[in-house]
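Please look over the sequence and the structure below before reading on. The report then takes up two sheets and one histidine in turn.

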Amino acid sequence: MPDFNWIPKSEFHRLNESGLNDHVKYGIIADMCRANTLTSVKIAGSGHLGSSFSAMDIAVYLYYKQMNTIELGFEDPDRDIYFSSKGHDVPGLYAVLYSLGVLTRDQLLKLRRLEGLDGHPDISINGIEANSGSLGMGISKAKGMAIAKRMSGHGGNVYVLTGDGELQEGQIYESLQTASHHAVNNLIAIIDHNKVQSDKRVDEITNLGKLEEKLALFGWHVERCDGHDFKQLDAVMGEFQKITDRPKVLIADTIKGKGISFMEHPQALKDGKGLYHWHSGAPDDKSFQNGFNELIDRINVALRAQNFNDIILEPVPPIDKPGSCVSNEYVVVAYGEALLDIVKKNKKVVVLDADLAADCRIRKCEDAYPNQFIECGIAEQDMVSTAGGLAIQGYIPIVNSFAAFLASRANEQIYTNACENTKIIYTFHYAGLIPAGPGKSHQSIRDISLLGALPNLEIIQPCNAVETKMALNYCVYEAENSCMLRLIIGPSPLIVDLPSGYRLKKGRGLVIREGKDGVLFTYGPVMIHEAIKSHELLLDEGYTLKIVNMPWLNRVDVDWLRQCVKDINSVYVLEDHAANGGLGDFLLRKMVKESILMQKSFEIMAVEEMPAWGNPAEVLKHHGVDHESLKKKILKTIAKCSFPSNK
């Protein structure tokens, strides 16, 4: 492990009060913030460095020079407002807020930890003006803030940063039209035009074309400059002050990964053979140390050129991290392998992606069979309706995106497709509570409820790699209706053993631990792991709990269900979802309708509030769905309904 060092707040104060030329000073401060961002992301184990670094100079310029926010305070209604619509760059914004005394060192060193800083912006954090991370919403929200200022007679501009890939979202263009129509002249949008999306160039995904002309046609005043040049930023903001009859937009040409040579996108794309590898995640030890040293060396060279002492570093205190049990299995890898095999054999299968091919593990499919692969970019609604058109023409579309975005943003499009009684497979990646580091915008705990009302759509979540391949093959070759395949994106906490000869049977689960005192239905690797550990804890208390892997989340074989709960008085459902509209509600309704419940107790254990961010173990415990919490909850009811089986 490398030695973690930190630039303390006092060093930012020393430099800010130094009397140095502003443009020189801001460049050094930006690199200091990059160094702290790099350290915080490395300690967190994940984060977005490429976007944080490309937007860093803009954030430093706005807070240190352009805006009155720090001077007036975040509670003053006349303050300027800044937030990022894309949200990926928030580790960098946190570092800037720390440098100004808004955030503490302890907060920054608890990035993506419970009671620390969210992996995407959340207004519960000091200095964060709006929640973001689900793309395309920022200009609309900033417009609302700007109109509110105008209506209430308060001063201040509203600045909103968007990504260039984010411009593929349709809501962006709705907001551009209405902001111009309403002449929202205190609204300034800044496009972080770093030319790279998650791992490919923007123009490879969806070419933005003549961006300046497009924006001008929407009625905005448009300027363009180097987003890393403080003199040019000064000039543009001076021009914006002269424009009083319309909203303004700056196209800031930036470099993704700016500040660390091997992360900067021209070189990084070359090193990655056309793919950018620094969008998300934490660097390995060697890359971290090399990057940190490069930043510190450049800072010191700049300081010496101004006859200043070298930067003072402080060692980072040890950070306690809750342990997390993981295996080497990723169900998404198994999904990608099965998908590749299906596409190879079936020319009617078409794969659609929303700029998440790497995360969804479908890049091999894209490379091997480009004629059966459609890259739709960051445009979920367009992707789903495109799939609808393909299905009408006799193809089998397989749609891929993160569950949080696909279920909600494209919900109406999925409904319309369902009304046409065609067959489409929707793969909801990143489903459930874990990983929780990225925060609310990425945690999908309502997708089952959003789609469970569709009578002609089957929802399946496999427990391991083997069942994942079975589930995808079932969806393609056996299912008569559309299917929703729900997958976790991280490593499985354990590999669930399936008996030899096991096959998926519609509406039936699999007993993976026997018991007589209660039965617990659950699904997916994360919650099955917690269920199995709670089974073991209950054994120590003298109780046996039957654990059932239930991959079918809105279908059940009633006869099988009746037999499964026979002679058991306590029934539990553990959700990787909110309490409303999940497997528990579905099974409860069925058991009441079929007179199976009778005098049995029934309890749903689920996420009962907005999802928390942090390490998996601490977030599961926070929501009371970890094995220790399960044991306590089950003991409260199981003892009332049965006698200990071994006493």
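Two strands count as paired if DSSP finds at least two bridges between them, and helices (H or I, at least four residues) and strands (E, at least two) are DSSP runs, numbered from the N terminus. This is a predicted model, in which local features need pLDDT of at least 70 and side-chain atom pairs count only at pLDDT 80 or more, while totals for chains, interfaces and linings use all residues. Residues are numbered from 1 along each chain as its sequence is written, and side-chain values use heavy atoms, with hydrogens and water left out.

The predictor's confidence in each residue is given as pLDDT, from 0 to 100; its mean over the chain is 95, and 98% of the residues reach 70 or more. Over residues 643–647, however, the pLDDT is below 50, and this stretch has 11 contacts in the model beyond near neighbours in sequence, where contact means heavy atoms within 4.5 Å. Where pLDDT is low, the predicted coordinates should not be read in detail.

One open sheet is formed by 5 strands in the order β2-β3-β4-β6-β5, with parallel pairing. Its edge strands, each pairing on one side only, are β2 (81–84) and β5 (221–226), and the twist from one strand to the next averages 20°. For such angles, axes are lines fitted to C-alpha atoms, for helices over the stretch in contact, and the values run from 0 to 180 degrees between N-to-C directions. Helix α7 (residues 138–152) packs on this sheet, where it touches β2, β3 (158–163) and β4, and its direction makes about 175° with that of β3.

Another open sheet has 5 strands in the order β14-β16-β15-β17-β18, and here the pairing is mixed. The edge strands are β14 (510–513) and β18 (601–607), each of which pairs on one side only, and the average twist between one strand and the next is 25°. Helix α21 (residues 524–540) lies across β14, β15, β16 and β17 (570–578), running at about 165° to β16.

The table sets out one parallel strand pair from each sheet.

| Strands | Bridges | A bridge pair |
|---|---|---|
| β4 (187–193) and β6 (248–253) | 6 bridges | A189 and V249 |
| β15 (518–522) and β16 (545–549) | 5 bridges | L520 and I547 |

Is H88, which sits in the loop between β2 and α5 (90–99), buried or exposed? H88 counts as buried because its relative accessibility is 12%, the cut-offs being under 20% relative accessible area for buried, over 50% for exposed, and partly exposed in between (1.4 Å probe, protein chains only). Leaving aside neighbours within four places in sequence, H88 is in contact with H48, S51, S52, H120, L135 and H279.
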